[in-house]
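Dear colleague,

Here is the structure you were expecting. My notes on the cysteines, the pocket and the core follow below it.

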Amino acid sequence: MKSPPNPRRWVGPGVALLALGGVFLSTYLALYHYGYIGSLACGTGGCEKVQGSNWAKFLGVPVAVWGVLFYGGVFVLAVSSSIAAPLVAAAWPSTALVAMNGVGVAFSGYLTYAEIAWIEAICRYCVVSACLVAVLLVVSELDRRDYRRVAK
């Protein structure tokens, strides 16, 4: 008996790899926040200004820690929806990835606006994270469209 097509055959590993990059990036910034890293390898000084600002925390938790949790969640969902048979066949993981990454893009946009408008400094790592989550959203939406096309 032929197994059903896996619309996530290329997307899951790609999303997982991008999310893993986000985990590493956010972990680096979290380690800096907690003092395990003396200074950021930034070159412009903007990263340290942003990381030391009032905007570096959300609900009392460092934004970098939120990033680790966010990217970790995307990673786990992408991997599990690519290899766990019940999730491969389900539509909701694709929709959940789009929703998660949509929230990530909105939050990154808000933080980027804060960097420009209020902090008056740009953190290169934050820009990379914003680009990363934007790519994750696009790839997740492509996955959702592919899944819907194959499921019909």
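**Cysteines**

Cys-42 and Cys-47 are both buried. Please keep in mind that this is a predicted model. The two residues form a disulfide, with 2.2 Å between their sulfur atoms. The link between Cys-42 and Cys-47 is right-handed, with 60 degrees about the S-S bond. The structure holds one disulfide.

Why is there no bond at Cys-123? The closest cysteine sulfur to that of Cys-123 belongs to Cys-126 and is 3.4 Å away, which is too far for a bond. A disulfide needs the two sulfur atoms within 2.5 Å. From the side of Cys-126 the reason reads alike: the closest cysteine sulfur is in Cys-123, 3.4 Å away and too far for a bond. As for exposure, Cys-123 is buried, at 0% relative accessible area, while Cys-126 counts as partly exposed, at 22% relative accessibility.

**Pocket**

The volume of the largest pocket is about 550 Å³. Its lining is made up of 29 residues, and those nearest the centre are Val-63, Gly-67, Phe-107, Ser-108 and Leu-111. Two or more lining residues come from each of helix 1 (11–33), helix 2 (46–51), helix 3 (63–83), helix 5 (92–119) and helix 6 (124–151). Which helix gives the largest share of the lining? That is helix 5, with 10 residues. Sorted by class, the lining of the largest pocket has 21 nonpolar residues, seven polar and one charged.

**Nonpolar cores**

In soluble globular proteins, nonpolar side chains tend to be buried together. Here the largest nonpolar core has 15 residues, and the members that touch the most others are Val-15, Phe-70, Tyr-71, Val-74 and Leu-136. At least two residues of this core are supplied by each of helix 1, helix 3, helix 5 and helix 6. Helix 3 provides the largest share of the core, five residues.

Leu-136 is worth displaying with its surroundings. Neighbours within four places in sequence aside, Leu-136 is in contact with Val-15, Leu-18, Ala-19, Tyr-71, Val-74 and Asn-101. Of these, Val-15, Tyr-71 and Val-74 are also listed among the core members that touch the most others.

There is also a second, separate core of 14 residues, including Ala-30, Tyr-32, Ile-37 and Cys-42. Cys-42 thus appears twice in these notes, as a member of the second core and as a partner of Cys-47 in the disulfide.

Regards

Conventions. Residues numbered from 1 in each chain as written. Predicted model: local features only at pLDDT ≥ 70, side-chain atom pairs only at ≥ 80, totals over all residues. Heavy atoms only, no water. Buried < 20%, exposed > 50% of the residue type's maximum accessible area, 1.4 Å probe, protein only. 1 Å grid on protein atoms, 1.4 Å probe; cavity = no way out; pocket = protein on both sides within 12 Å on 5 of 7 lines; lining within 4 Å. Points joined across faces, edges and corners; volume = space filled by probe spheres on them. Helix = DSSP H or I, 4+ residues; strand = E, 2+ residues; numbered from the N terminus. Nonpolar A, V, L, I, M, F, W, Y, C, P; charged D, E, K, R; others polar. Core = buried A, V, L, I, M, F, W, Y, C linked by side-chain atoms within 4.5 Å. Contact = heavy atoms within 4.5 Å.
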